[in-house]
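User: Hi! Could you walk me through the side-chain contacts and internal spaces of this one?

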Amino acid sequence: MAAARETATTNETVEHVVLGPFSPLFKEPLTENKSGNAQIWGYRDVEVTYVLQDKKEEWLKVDSYYGEVWVPSWYADPNAQAGVNIHRAVNLNLAAGAELHLFPDSKLKWKAAEWLKSTSNEPGSLNLTLLRWKDWYGIIIPPSTVDIISGYNSEFRFPNRPLLLWVNKSNIESESAVQGGILQRTNPIATQTVYDITEVILRPGTQSEQIRGILGKPNRVETSGNLNMTGEPMRLGDNWRYEREDGQLIIIFSKEGKLERFNWKLSNPDYAYKPGLIPVADSQSIKAVWRAEGTLSFNYLHEAAGDVLILYGDDGGYSGGHYDSNLYAVSRTTGKKLWQLDLGYSGASTTLDRDGKQLTVLYNKPDPKTKEFEPYIRRIRVADGKAIWEKKLHQEEQEGYTWLTGTAGVIAIYTEILERNGGKLTVWDAATGKPKWKKNMNASFHMLPAGKHDKYILIVQDHTIQALEPGTGKVAWKLSGKKRPENYNQPAFIAPDNYPIAPNEVKRWIYVGLEQLYVDLRTGKVLSRYTFGEGQNTSIEAIDDRYWLICKAQDAKNFWDAKQFATSLYDAIERKTLWEIQGLAEGGAVDNDNVYVVLDKLPAALRKSDGKIKWTIKNKQVASVLSSGSSYKRNIYDPPALFFAKGDLLLLAYGEDLLSIDKKKGKINYRIGDILLEYPDMMASYTRGGLVNEDERYLYLGSANGSFTKIEKSKLRP
């Protein structure tokens, strides 16, 4: 059961315990007088050796991820655990007076009625079992009335898990095999029952064929996200999707057929600790025009250049865990890969020529001898990826942070000098790579990325913006915004999305000093302006150049600490507020007379003129939170959500799903099959602008499962 070990420093004897695969981790031991309210943190952590803290009758106290927990001692007996088998589902009819044991032959036992009285599984009715040990059957009982288990502080809270108890064959009046898998739509077994069973029996490493024998054939099999850690080659598997009206189970298998992990999406909050706020939707297969496969899991549209699409691939790693990214080009017609440039951990800055024929890339690549990454500029022919010229930046050219832009036949690089407050702007001839001019700056500034039709190099320095002639560096025009006070806390601002296929405008919002200025880049004329207020209780999302959602916390100085919000729709061109409603609205899209938002976590359509709610999408059981922001509390488990209004189509990125929405009725038509979404750190510009793009006939969809897909829009209409 336990092995004794001696520590090297104190000579104290420490016992370690290895638990079987179905070992429940209790918050407190059960007693004969304590039934119906078990509190279970979960079931055994995978491949963990536990430190034994204490023994008490038939219980072991061990140290785990949840802190100190109690485990029935039988689960630490390797001989006993070797005999536990998963078999196909069987319905048991318990005899009157049947007893349930903590484990086979345990002294601790209860009348079955004491545990089953709060469920539909009364003695005399059928009880589903899939676990067997000799003449004993494991029965899985739904969590008791205690829904959440609290730990050592209020933040450490976990859902209560189902309870596994055992009944001897002598207490069974009759048994009958369940026909077909327990999660088939034709099977009457409740989704709640299957949910509880999977919490106990689904474990990493289980073979797919065994799962198929228990649950049945999945409704569909799709490509999973990356199963490896960042820094390792991408390893995709299969997502088995079991879809029912009130819940969906997604099981992720490796290509070798071993279970990696699983996830439920549930509609009914009566039995789910994390119920879906919106109904689950059946998936629909949409035949793609083509599907390009990348070498990294996250794929977005970076640039569109005629018949060539330039895509950005990324491993999705968070800060400190980001290792790989790349640029690669595919034919817009066929999806065939044309070329690829690996970028390593640092990513790249790029600028595309006006005619779309050349791309200039500022990136790092390893020295063949030292393996140290060094900065290079490479001029690429878009059609085939061939290098027209390449230049390694010398030490004086990359003394600090470096940015790239380009316009009207030149390439410009700004280097911020770390040792002093200032930087250097260096400009090369785009065709030859030869230097044209340099300019030293006596204060820090940033250089704006150039649009395809920009005439000037644009730099912002404190509260001023300058447009420089690309050939000479002379100032073509200059303007100023209001100066930012010292120690100023700027509200969060999400700029308008930059869609690569959309026509490039010559007007742009630019953050200058204390203001956002809407500038005609040809002349420097300010067409509109917005002055930021003081404080961090506001978040601004620019849906487009004209319409902004301005959300303000009502009960906290810091936006992220608030529970109550108000949101207004602001016309940034006319400089007026159109309306204000209670609640937090985000992820917006504007379409004719409608504004589509996710309002207090629920998708909704608002009338653009006055903010009146036209429809919301929510589960019937979920209480409305639209009348007041008081019931809303943001947390890290909220699924990200973002609307895309594309012609007569309305799409909603909601968590990992891309959903087709009926604009008029506010109903989910279906989930688009085999499109997997995730939201990596520091990648907001790509998830907003590079994930869903369109031209007149087609949609271009990024994903988190190694692919980029072109779909004909007509095939998405219900």
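Analyst: Happy to; we can take cavities, aromatic pairs and salt bridges in turn, keeping in mind that this is a predicted model.

User: Great, cavities to start. How many cavities of 30 Å³ or more are there?

Analyst: There are three of them in the structure. The largest cavity encloses about 60 Å³, and the second largest has about 40 Å³.

User: Which residues lie nearest the centre of the largest cavity?

Analyst: Those are Trp115, Pro142, Pro143, Ser144 and Leu163, out of 13 lining residues. The lining of this largest cavity splits into eight nonpolar, four polar and one charged residues.

User: And what lines the second largest cavity?

Analyst: Its lining is made of Lys27, Glu28, Lys34, Asn37, Ala38 and Gln39. By class, this second lining has three charged, two polar and one nonpolar residues.

User: Nice. Switching to aromatics: how many pairs turn up?

Analyst: The whole structure has 29 aromatic pairs. One of them is Trp41 with Tyr66: the ring centres are 5.3 Å apart and the planes are at 15 degrees, under the 30 degree limit, so the pair counts as stacked.

User: Where do Trp41 and Tyr66 sit?

Analyst: Trp41 is in strand β4 (residues 40–43), while Tyr66 is in the loop between β6 (59–64) and β7 (67–72), so the contact ties together parts 25 residues apart in sequence.

User: Are those two buried or exposed?

Analyst: Trp41 and Tyr66 are both buried.

User: Got a tilted example too?

Analyst: Sure, Trp240 and Phe253 form a tilted pair, with 4.6 Å from centre to centre and 55 degrees between the planes. Trp240 belongs to strand β18 (residues 236–244) and Phe253 to strand β19 (residues 247–253), so this pair ties together parts 13 residues apart in sequence. Trp240 has 6% relative accessibility and so counts as buried; Phe253 is buried as well, at 1%.

User: Which rings link up into a cluster?

Analyst: Ring pairs connect Phe493, Trp509, Tyr511, Tyr518, Tyr530, Phe532, Trp548 and Tyr570 into a cluster.

User: What about lysines over ring faces?

Analyst: Here are two examples. Lys337 lies over the face of Tyr328, 4.8 Å from the ring centre, and Lys646 lies over the face of Tyr499, at 3.9 Å.

User: On to charges, then. How many salt bridges does the search find?

Analyst: It finds 34 in the whole structure. Arg241 and Glu243 make one of them, with their closest N and O atoms 2.8 Å apart, and both residues are buried.

User: Any that connect separate loops?

Analyst: Yes, Arg546 and Glu574 meet in a salt bridge with an N to O distance of 3.9 Å. Arg546 is in the loop between β43 (538–542) and β44 (547–553), and Glu574 is in the loop between β45 (565–571) and β46 (576–582), so the bridge ties together parts 28 residues apart in sequence.

User: How accessible is Arg546, and how about Glu574?

Analyst: Arg546 is partly exposed at 34% relative accessibility, and Glu574 is partly exposed at 48%.

User: One more bridge, please.

Analyst: Asp648 and Arg717 meet at 2.7 Å, N to O. Asp648 is in the loop between β51 (641–646) and β52 (649–654), and Arg717 is in the segment after β57 (707–712), so this salt bridge ties together parts 69 residues apart in sequence.

User: Last thing: which residues do salt bridges with shared partners join into one network?

Analyst: That network holds Arg220, Glu222, Lys265, Glu656, Asp657 and Arg671.

Definitions and conventions: Residues are numbered from 1 along each chain as its sequence is written. This is a predicted model: local features need pLDDT of at least 70, side-chain atom pairs count only at pLDDT 80 or more; totals for chains, interfaces and linings use all residues. Side-chain values use heavy atoms; hydrogens and water are left out. On a 1 Å grid over the protein atoms alone, a cavity is a set of points where a 1.4 Å probe fits but cannot get out, and a pocket is an open set with protein on both sides within 12 Å along at least five of seven lines; lining residues have an atom within 4 Å of a point. Grid points are joined across faces, edges and corners, and a volume is the space filled by probe spheres set on the points. Ala, Val, Leu, Ile, Met, Phe, Trp, Tyr, Cys and Pro count as nonpolar, Asp, Glu, Lys and Arg as charged, and the others, Gly among them, as polar. Rings of Phe, Tyr and Trp (its six-membered ring) pair if their centres lie within 6.5 Å; planes under 30 degrees apart count as stacked, over 60 as edge-to-face and the rest as tilted. Helices (H or I, at least four residues) and strands (E, at least two) are DSSP runs, numbered from the N terminus. Buried means under 20% relative accessible area, exposed over 50%, partly exposed in between (1.4 Å probe, protein chains only). A charge sits over a ring if NZ of Lys or CZ of Arg is within 6 Å of the ring centre and within 35 degrees of the ring normal. A salt bridge is a side-chain nitrogen of Lys or Arg within 4 Å of a carboxyl oxygen of Asp or Glu.
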